[in-house]
Amino acid sequence: MSAIVDYPYYVGTYMGSEADVVSFPALVAHASRVIGAMTRWQVTEDTIDSFPTLTQTLYRLAVCSQVDYLASNGL
């Protein structure tokens with residue numbers, strides 16, 4: 001679902017360590033749905049580039065944080 005956050009971004013920029021490369025696709029898909037719902041689906045793969053850089057960064061960090069939460073606590 002989400003190309004907004006990929007595994008290299010998760011481990012390189014966010015410095016995430018909870019999710020491994022195998023479980024990451026399922027976790028990021030679910031995390032993207034959770035954060036998407038919280039933002040009323042205003043941010044998508046097609047629209048993220050139209051937002052200010054700070055907004056893009058904060059959105060990606062929120063998705064990564066949700067990935068960590070789901071990896072620690074389960075889907």
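**A three-helix chain and its aromatic cluster**

Tyr7, Tyr10, Tyr14 and Phe24 are joined by ring pairs into a cluster. Keep in mind that you're looking at a predicted model. The chain is made of three helices and zero strands, so from the N terminus on its elements read α-α-α. With a radius of gyration of 11 Å, close to the 11 Å that the globule rule gives for 75 residues, the chain is as compact as a globular protein of that length.

**The chain as a whole**

- The C-alpha trace spans about 30 × 25 × 15 Å along its principal axes.
- Of the 75 residues in the chain, 35% are buried.
- If you take the contacts with a separation of 6 or more, 70% of them are between residues 24 or more positions apart.
- About 4,500 Å² of the chain is exposed, and carbon and sulfur atoms supply 58% of that area.

**The aromatic rings**

- There are four aromatic pairs in the structure.
- One of them is Tyr7 with Phe24, an edge-to-face pair with 5.2 Å from centre to centre and 70 degrees between the planes.
- Tyr7 sits in helix H1 and Phe24 in helix H2, so this pair ties together parts that are 17 residues apart in sequence.
- How covered are these two? Tyr7 is partly exposed, at a relative accessible area of 24%, while Phe24 is buried, at 5%.
- Tyr10 and Tyr14 make a stacked pair, because their ring centres are 5.8 Å apart and their planes meet at 25 degrees.
- Tyr10 is buried, with a relative accessible area of 0%, whereas Tyr14 counts as partly exposed at 22% relative accessibility.

**Helix H3**

- H3 covers residues 53–73; it has 21 residues and reaches 30 Å from its first C-alpha to its last, close to the 30 Å expected at 1.5 Å a residue.
- The buried residues in H3 are Gln56, Tyr59, Arg60, Val63, Cys64, Gln66, Val67, Asp68 and Leu70.
- As background for reading that list, an α-helix has 3.6 residues a turn, so residues three or four places apart point the same way.
- What do the buried residues of H3 pack against? Their partners are helix H1 (7–12) and H2.
- Gln66 is a handy one to click on: it is located in helix H3 and is buried, with a relative accessible area of 16%.
- Apart from its neighbours within four places in sequence, Gln66 is in contact with Ala31, Val34 and Ile35.
- Right after H3 comes Gly74, which has a positive phi near 95 degrees.

**The loop between H2 and H3**

- Arg40 is found in the loop between helix H2 (24–38) and helix H3 (53–73).
- Although Arg40 isn't a glycine, its phi is positive, at about 55 degrees.
- Arg40 counts as exposed, with a relative accessibility of 70%.
- Trp41 belongs to the loop between H2 and H3, and it also isn't a glycine but has a positive phi, about 60 degrees.
- Is Trp41 buried, exposed or partly exposed? At 48% relative accessibility, Trp41 counts as partly exposed, because the exposed class begins over 50%.
- Thr44 is placed in the loop between H2 and H3 and is partly exposed, with a relative accessible area of 30%.
- From Thr44 to Pro8 is 36 residues in sequence and 19 Å in space, C-alpha to C-alpha.

**To recap**

- The rings of Tyr7 and Phe24 pair up between H1 and H2, and the buried residues of H3 pack against H1 and H2.
- In the loop between H2 and H3, Arg40 has a positive phi, and Trp41 has one as well.

Notes:
Residues are numbered from 1 along each chain as its sequence is written. This is a predicted model: local features need pLDDT of at least 70, side-chain atom pairs count only at pLDDT 80 or more; totals for chains, interfaces and linings use all residues. Side-chain values use heavy atoms; hydrogens and water are left out. Helices (H or I, at least four residues) and strands (E, at least two) are DSSP runs, numbered from the N terminus. Buried means under 20% relative accessible area, exposed over 50%, partly exposed in between (1.4 Å probe, protein chains only). The expected span of a helix is 1.5 Å times one less than its number of residues. Contact means heavy atoms within 4.5 Å. Rings of Phe, Tyr and Trp (its six-membered ring) pair if their centres lie within 6.5 Å; planes under 30 degrees apart count as stacked, over 60 as edge-to-face and the rest as tilted. The radius of gyration is taken over C-alpha atoms; the globule rule is 2.2 Å times the number of residues to the power 0.38. Accessible areas come from the Shrake-Rupley method with a 1.4 Å probe; for residues, only the protein chains shown count as cover.
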